[in-house]
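Colleague: Thanks for making time for this. Could you walk me through the model shown here?

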Amino acid sequence: MKALVIGVKRMFGTSKTGNQFDMCNVSILTPVASQSNGKITVQGYGNEITEIPCDNAAMAQFATLSFPGTYDLVVEPRPNRGQLEMVCTGIA
């Protein structure tokens with residue numbers, strides 16, 4: 001999937017409750033999607049930030065890239081809490 005990538009970030013450590021966490025996301029720009037239903041209307045122009053979960057092992061591939069930049073991301077479906085989520089597993 002070609003995307004305008006603005007950055008990648010990994011956060012890991014221990015929460016205040018003592019639980020371990022490890023999260024990695026790729027931030028891309030996507031067009032603002034105007035939409036309307038019975039309860040809410042969204043209008044806009046330009047782009048907004050969308051975060052895609054990223055495999056921790058793929059983060060090193062982003063180290064030498066320039067941001068922002070258009071890159072071909074490899075995205076795969078992975079199970080997460082009974083649902084499928086799209087995860088960036090690298091750069092093509």
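Modeller: Gladly, and let me start with a definition: Lys and Arg count as positive and Asp and Glu as negative, while His and the chain ends are not counted. Do keep in mind that this is a predicted model.

Colleague: With that in hand, how far apart are the mean positions of the positive and negative charges of the protein chain?

Modeller: The protein chain carries 7 positive and 7 negative charges. Taking the mean position of each set, the separation comes to 7 Å.

Colleague: And the fold, which pattern does the protein chain follow along the sequence?

Modeller: The secondary structure amounts to 7 strands and 0 helices. Read along the sequence, that gives the pattern β-β-β-β-β-β-β.

Colleague: What is the radius of gyration of the protein chain?

Modeller: For a compact globule of 92 residues one would expect a value near 12 Å. The C-alpha atoms here fill a box of roughly 40 × 35 × 25 Å along the principal axes. The radius of gyration of the protein chain is 16 Å.

Colleague: Let's go inside. Which element gives the most residues to the largest nonpolar core?

Modeller: That core has 12 residues in all, among them Val-5, Val-26, Ile-28, Phe-62 and Leu-73. Strand S1 (2-14), strand S2 (20-31) and strand S6 (69-80) are the elements that give two or more residues to this core. The largest share, 3 residues, comes from S2.

Colleague: Is Ser-27, which also sits in S2, buried or exposed?

Modeller: Leaving aside neighbours within four places in sequence, Ser-27 is in contact with Leu-4, Val-5, Ile-6, Gly-7, Ile-49, Thr-50 and Glu-51. The relative accessible area of Ser-27 is 13%, and the cut-off for this class is under 20%. Ser-27 is therefore buried.

Colleague: Now over to S6, where Thr-70 lies: is Thr-70 buried or exposed?

Modeller: Beyond four places in sequence, Thr-70 touches Lys-2, Ala-3 and Leu-4. Its relative accessibility is 54%, and the upper class begins over 50%. So Thr-70 counts as exposed.

Colleague: How far apart in space are Ala-57 and Gln-43, C-alpha to C-alpha?

Modeller: Ala-57 has its place in the loop between strand S5 (47-53) and S6, and at 65% relative accessibility Ala-57 counts as exposed. In sequence, Ala-57 and Gln-43 are 14 residues apart. In space, C-alpha to C-alpha, the separation is 37 Å.

Colleague: Backbone geometry next. Which residues does a cis peptide bond join?

Modeller: Most peptide bonds are trans, so a cis one deserves a look. The bond in question has an omega of about -5°, and one of its partners, Pro-68, is in the loop between S5 and S6. The two residues joined are Phe-67 and Pro-68.

Colleague: One last point: what is the phi of Arg-81?

Modeller: Most residues other than glycine have a negative phi. Arg-81 is in the loop between S6 and strand S7 (83-91), and at 80% relative accessibility it counts as exposed. Although Arg-81 is not a glycine, its phi is positive, at about 55°.

Note on methods
Residues numbered from 1 in each chain as written. Predicted model: local features only at pLDDT ≥ 70, side-chain atom pairs only at ≥ 80, totals over all residues. Heavy atoms only, no water. Core = buried A, V, L, I, M, F, W, Y, C linked by side-chain atoms within 4.5 Å. Buried < 20%, exposed > 50% of the residue type's maximum accessible area, 1.4 Å probe, protein only. Helix = DSSP H or I, 4+ residues; strand = E, 2+ residues; numbered from the N terminus. Rg over C-alpha atoms; globule rule 2.2 N^0.38 Å. Charge placed at Lys NZ, Arg CZ, Asp CG, Glu CD. Contact = heavy atoms within 4.5 Å.
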